[in-house]
Every structure is written in C-alpha cells, then in structure tokens.
Amino acid sequence: MRIATWNVNSITARLPRLLAWLESSGTDVLCLQEAKVAEAQFPSDQLRELGYESAVHATGRWNGVAVLSRVGIEDVVKGLPGDPGFDGVTEPRAISATCGPVRVWSVYVPNGREVEHPHYAYKLQWFEALKAAVAGDAGGSRPFAVLGDYNVAPTDDDVYDPAVFEGSTHVTPAERAALASLREAGLNDVVPRPLKYDQPFTYWDYRQLCFPKNRGMRIDLVYGNAPFAKAVKDAYVDREERKGKGASDHAPVVVDLDV
C-alpha cells in the first residue's frame, strides 16, 4: 500500500500536475493540504475518474485539507475536537478517514507567523488539540498515521542552515517540544530518504532560487503509530515534483507499507 502527503498550495493551480502524479505514482491514499477552494469547488469528479474517492474539509481562502483514496473512505471526521480556532474562526486544518486497513489524518498545522504574534500561541494550542484528538488511535493496534504540513522542522538537521532561522518560527524550542509531545502519544517520525542531496527536505521557498540551491526544510511529516511504523518498507521525498513550471513549493512524501 502506498500512502503520501502533499501540500499542493492550491489544488486549482496544481490540478494537472496532481492528476498526472496520481496516475504515474501508484499512490493508494493521498493526504492533501492547502486546497484553497471551497468544498463545492473541489475537483472530486476529475479525481473519481481516476478511481479516487475524496473526503474534503475546506472553505476556500488559505486552508483546506483532504484525503484521497482508491481503497475506500470510511468514518470521516472533519476538524479537531477542542480546536482553539483563530480570531474567532475555526479553520479547516484537519480531516481523518479510514482507508482500507489504515486510518490517517491529513493536517495543515498553523504557520505561527512570528513568535510574538497571536498566531504562534494559536499554533501551540492547536498542537495540544491535535494530540488529544489522535491519542486513542496512536495507541491502538490498527496502523495509524498523522500526515501533513506540520510547519515545524523537528531538528536543526531539518533546515539547510540553522543560523538563518534563528529566532523565527518553525524551529523554536516550544514548537519542537509540541512535536515531541505528539510523539509521546505513541507516534514515530517516519523519516523519508532523500532522492538527491543528504537531507530529505520537503519544502523550498519560491524566492531566491531556494530550490536549485537546495535551501530547504523538512516540515512535511509522517507520524505513525507502532503498527504503522513496523509496516513501513520504504519512504522517500518525490523531489521531482518540485521541479518545473507550476510546481507547488512542497514535494510529496511517499510511504510504502506492507499491510
């Protein structure tokens, strides 16, 4: 079984690439982030033509998550119980579903903006709500994983130059502590292998030639429980999908399971 996560940075802008990638990659389940469309505008019909069912939690604007599956979708849950919301709005940042033998969450963790910004406190609160929401499945016997754009680099090795990020979000001790706390619920970091260079970065800014210079970050993560981690046979970053015209600034992370 092949499971992947991909922040597409607008499914409307990325649809031709997404459809081609699904056809060529043999992916069974895709956790998708930053759909940036309302549910009514999500391209479910085009995906269905390729054999994928869609579970979508999106309202347009800047967020939106989905699970695409060609092995069935059941028990869909939209949003986090206890979601703190931001500025009075509960944002569509999490969706879970059972796809064949595996249960997954697709998550788009808040960015945090700046350390002193209210969005940073919201990010840490959101992590607490996520941990509470996944704790039961994390400790269960069924393969389970939380996949998505976590907007946190777990260690200094997960950014191209720690000095560049000093004092900014994505690398602060509090954010990394939130990740560690999530792992303590019974989840393992499934670290993919890079297809080029030494580090499996998953995100490269569009600016300043970051991708050609490999100035990246590993912020798209797969956190799986023990049965999921035990079933992993391979994991890699599909760096090729960050290349060329019309690419997202994130690359897919792909995990192969024997389940």
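Me: How much space lies in the largest cavity?
Reply: Happy to help, and please keep in mind that this is a predicted model. The count of cavities of 30 Å³ or more comes to one. The space in the largest cavity is about 30 Å³.

Me: Which classes of residue make up the lining of the largest cavity, and how many of each?
Reply: Let's look at the names around the largest cavity: Pro194, Leu195, Lys196, Gln199, Pro200, Phe201, Trp204, Asn214, Val237 and Arg239. Lys and Arg count as charged, and the lining includes Lys196 and Arg239. By class, the lining comes to two charged, two polar and six nonpolar residues.

Me: What radius of gyration does the chain have?
Reply: Along its principal axes, the C-alpha trace spans about 45 × 40 × 35 Å. For 259 residues, a compact globule would have a radius of gyration near 18 Å, so the chain agrees with that at 17 Å.

Me: What share of the contacts with a separation of 6 or more comes from residues 24 or more positions apart?
Reply: Here is a little background on the fold: the chain has 14 strands and six helices. Among contacts in the chain with a separation of 6 or more, the share from residues 24 or more positions apart is 71%.

Me: What percentage of the residues of the chain count as buried?
Reply: Buried means under 20% relative accessible area. On the outside, the chain exposes about 10,900 Å², with carbon and sulfur atoms supplying 48% of it. Of the 259 residues, the part that counts as buried is 56%.

How values were computed. Residues numbered from 1 in each chain as written. Predicted model: local features only at pLDDT ≥ 70, side-chain atom pairs only at ≥ 80, totals over all residues. Heavy atoms only, no water. 1 Å grid on protein atoms, 1.4 Å probe; cavity = no way out; pocket = protein on both sides within 12 Å on 5 of 7 lines; lining within 4 Å. Points joined across faces, edges and corners; volume = space filled by probe spheres on them. Helix = DSSP H or I, 4+ residues; strand = E, 2+ residues; numbered from the N terminus. Rg over C-alpha atoms; globule rule 2.2 N^0.38 Å. Buried < 20%, exposed > 50% of the residue type's maximum accessible area, 1.4 Å probe, protein only. Contact = heavy atoms within 4.5 Å. Areas by Shrake-Rupley, 256 points an atom, 1.4 Å probe, with all protein chains shown as cover.
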